[in-house]
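Subject: The structure I promised you

Hello,

Here is the structure we talked about, handed over for you to explore. Please open it first, and then read on for what was found in it.

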Amino acid sequence: MDSWTCPVPLRDSPTIVMGHGSGGAMSGELIEHLFLPGFGDAARAEMGDSAVLAPLSGRLAFSTDSFVVRPLFFPGGCIGDLAVNGTVNDLAMSGARPLYLSTAFILEEGTPLSDIGRVAQAMGAAAGVAGVHLVTGDTKVVDAGHGDGIYINTAGIGVIDDGVDIRPTRAAVGDVVIVSGCIGAHGVAVMSCREGLEFGTTIESDSAPLNGLVTTMLATGADIHVLRDPTRGGVAASLNEIARIAGVGVNIVERNLPIPESVSNACSLLGLDPLYVANEGILVAIVAATEADAVLAAMQSHELGKEAAIIGECVADHPGMLVAKTALGGNRVVDLPIGEMLPRIC
Amino acid sequence: MKYLEEFSDPELARRLLDSIREVATRPWAIMEVCGGQTHSIIRHGIDQLLPNEIEMIHGPGCPVCVTPLEVIDRALAIAALPDVIFCSFGDMLRVPGSSADLFRIKSAGGDVRVVYSPLDALTLARENPDKQVVFFGIGFETTAPANAMTVYQAKRLGIRNYSLLVSHVLVPPAISAIMESPQCRVQGFLAAGHVCSVMGTGEYPALAEKYRVPIVVTGFEPLDILAGIRRTVMQLENGRHEVENAYPRAVTDEGNTAAIAMLRDVFEVTDRSWRGIGMIPGSGWRLSDKYREFDAEARFDVGGIHTVESTLCRSGEVLQGLIKPHECAAFGKQCTPRNPLGATMVSSEGACAAYYLYRRLELTAASHA
């Protein structure tokens, strides 16, 4: 990712200038010499006003997400792979096979082209891993001081196979809650390099496309009821939403949560709860108890599901609420986070 | 990491709980002074696991909660000024003043920044010589040394565009105020471990003697808290009232002497209002004459802002341990973490927020029963 070098036609300006968003020759050069080479094999752009796609059969899933992360580069990833994986994962959480993504950039005047080049390469690499094509895009430039370097929006289309019916309302009393991997890594990795908060850590973002894992889970033939990728607001927000939408209570056992020691230590220092910290490469699955073992075994056989664990169940008590059994044996309600996570004063 | 996981070991916690159950023969009411301890007690469900004889009363040691409304209003007035960079710890941003909070000032164009160390604010002052940089210096003896350091450094380095909005409060006078209250039910104290790691334990024997209460310096992890409770109960059962240190890995009798010397240089004792409690004589610090030029209240002339508290909010009684959060009529109704009437509902260390977040289950069950 660090290997990006500025191609000859772009060398007049090593940073973004307003002209790059003009739609004129400079815009064209940016696409031709920066984005398309960066995207590599994942790019399928014919430079028309819209991508023209072959007919698809089956139900379509369609999703969009915008990415405004700061800093742009963090341990284990950057805004580029996040933007691809984020939309891929949103599609996968409805059981869809992601196929096509659009990419739209809002670039701040003065942003180094080398940064954008690295981001484009990361997007190409992530799309390659996920097996999706980047088929259309857009670039706008805003004045210096009016953006954080690079904002990206991606939208994506996927196809849902017959027989797959995954949505939050299907969570039912007696269902089992499975998480696919360790929680809290992404949020802590990003926080560890925020200005004023730099702390030494080996924690890397878990940013990854989850469509392969979902395919493995569906291949068991199990009737998966709900999938969620617990991004902003963490596992707590995802399970609260499911509880509220499905009208069930959710109980989890803190002792069973896969939390790396480095994440729990960082959270202790900052006064944060790992349940509220963002993830970008894990999912929460809700399945019938009779099928939980089969789904869990399939997840654990996949590279991204090795640490998968059963963390709780859906219950008839306290509908709409998430309740955690503490390590000491007490209970606590885990509510939706109100706004931003704020490190405590002391 | 050492000293975190070891101090939440469930098996050792069970043994401590058994031991507390053995020694407690009568009902005892114990106050944990510090909001961090309140949070830990509720977060781990410790109060549910204690024998019925032991009642934990949640004390006034949440710095966000006891900062008076008018100080928040002064902060908001300063933060809204052009050419001011207003720096604060994160959890002060959501605390409501009488008409807004710092988040709203920020969205209206105020330059409000969350910093993780007060020294970051000083760095901002050096990097932005054409701006006035203000740090919101609140809290107990724990946060005071780093705040004092900024002013000390600013004077030494001649950084004129830095100032501190000071609302520091002190634990020992608060213990006195609680014990002097006619409705006081507190029979023993868990003293705040981190306050004592700065100040040492020297201020407490006189209080233990005067009010005949055991005071046990206690840490924040589950085992720390259980050990502190156990020692307090043993003293109560034996009719003793001594100062004990149950947090020796962080607290020495003499405290952090370098920090204390800096505090004596930079601050002087003053009367302070506590949100919900009112004026407690000699219960706070302000900048000493030598450093008065760095006082943001004087620099921005906001000392005249005076505000009256909401009459619905009973956070004062909560902070003094006179009622439990859910015994307030507004709890969970007019007053929620989203629309807090008082700061005890805002801060993650506040007793009302802790109850709301972690205890709603049993409170809901109880109200339906």
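Before anything else, a word on naming: helices (H or I, at least four residues) and strands (E, at least two) are DSSP runs, and they are numbered from the N terminus. Please also keep in mind that this is a predicted model.

With that naming in hand, a good place to start is A:Leu82, which sits in helix α2 of chain A. Is this residue buried or exposed? A residue counts as buried if 20 or more other C-beta atoms lie within 10 Å of its own. A:Leu82 has 28 other C-beta atoms within 10 Å, so it is buried. If its neighbours within four places in sequence are set aside, A:Leu82 is in contact with A:Phe67, A:Val69, A:Gly77, A:Ser207 and A:Glu280. You can also look from A:Leu82 to A:Ala126: they are 44 residues apart along the chain, and 8.5 Å separates their C-alpha atoms.

Now step back to chain A as a whole. It has 8 helices and 13 strands, and 50% of its 346 residues are buried. Along the principal axes, the C-alpha atoms of chain A fill a box of roughly 65 × 55 × 30 Å. For 346 residues, a compact globule would have a radius of gyration near 20 Å, and the 21 Å of chain A agrees with that. Of the contacts in chain A between residues at least 6 apart in sequence, 85% join residues at least 24 apart.

Chain A is divided into domain 1 (8–160) and domain 2 (168–333). The C-alpha centres of domain 1 of chain A and domain 2 of chain A are 28 Å apart. Where they touch, domain 1 of chain A brings 20 residues to the contact and domain 2 of chain A brings 19 residues. On the domain 1 side, α2 (79–92), β4 (96–108) and α3 (113–130) of chain A each supply at least two residues. Which of these gives the most? That is α2(A), with 7 residues. The residues on the domain 1 side of this contact divide into 12 nonpolar, 6 polar and 2 charged.

Chain B is worth a visit for its sheet. There, 5 strands form an open sheet in the order β2-β1-β7-β8-β9, with parallel pairing. Strands β2 (54–61) and β9 (243–245) of chain B stand at the edges with a single partner strand each, so one side of each has no neighbour in the sheet. From one strand to the next, the twist averages 25 degrees.

Even at the edge of the sheet, β2(B) has 7 of its 8 residues buried, so it is largely enclosed by the rest of the structure. Its pairing with β1 (residues 28–34) of chain B is parallel and runs over 6 bridges. Within that pairing, B:Ile57 of β2(B) is the bridge partner of B:Met31, and B:His58 of β2(B) is the bridge partner of B:Glu32.

Finally, look for helix α2 (residues 35–43) of chain B, which lies across β1, β2, β7 (188–192) and β8 (215–218) of chain B. The helix runs at about 120 degrees to β1(B).

Enjoy looking around, and best wishes!

Conventions: Residues are numbered from 1 along each chain as its sequence is written. Chains are lettered from A and ligands numbered from 1 in the order in which they are written. This is a predicted model: local features need pLDDT of at least 70, side-chain atom pairs count only at pLDDT 80 or more; totals for chains, interfaces and linings use all residues. Two strands pair if DSSP finds at least two bridges between them. Axes are lines fitted to C-alpha atoms, for helices over the stretch in contact, and angles run from 0 to 180 degrees between N-to-C directions. Two residues are in contact if their C-beta atoms, placed from the backbone, lie within 7 Å. Domain bounds come from an automatic or database domain assignment. Ala, Val, Leu, Ile, Met, Phe, Trp, Tyr, Cys and Pro count as nonpolar, Asp, Glu, Lys and Arg as charged, and the others, Gly among them, as polar. A residue is buried if 20 or more other C-beta atoms lie within 10 Å of its own, exposed if 12 or fewer, and partly exposed in between; C-beta atoms are placed from the backbone. The radius of gyration is taken over C-alpha atoms; the globule rule is 2.2 Å times the number of residues to the power 0.38.
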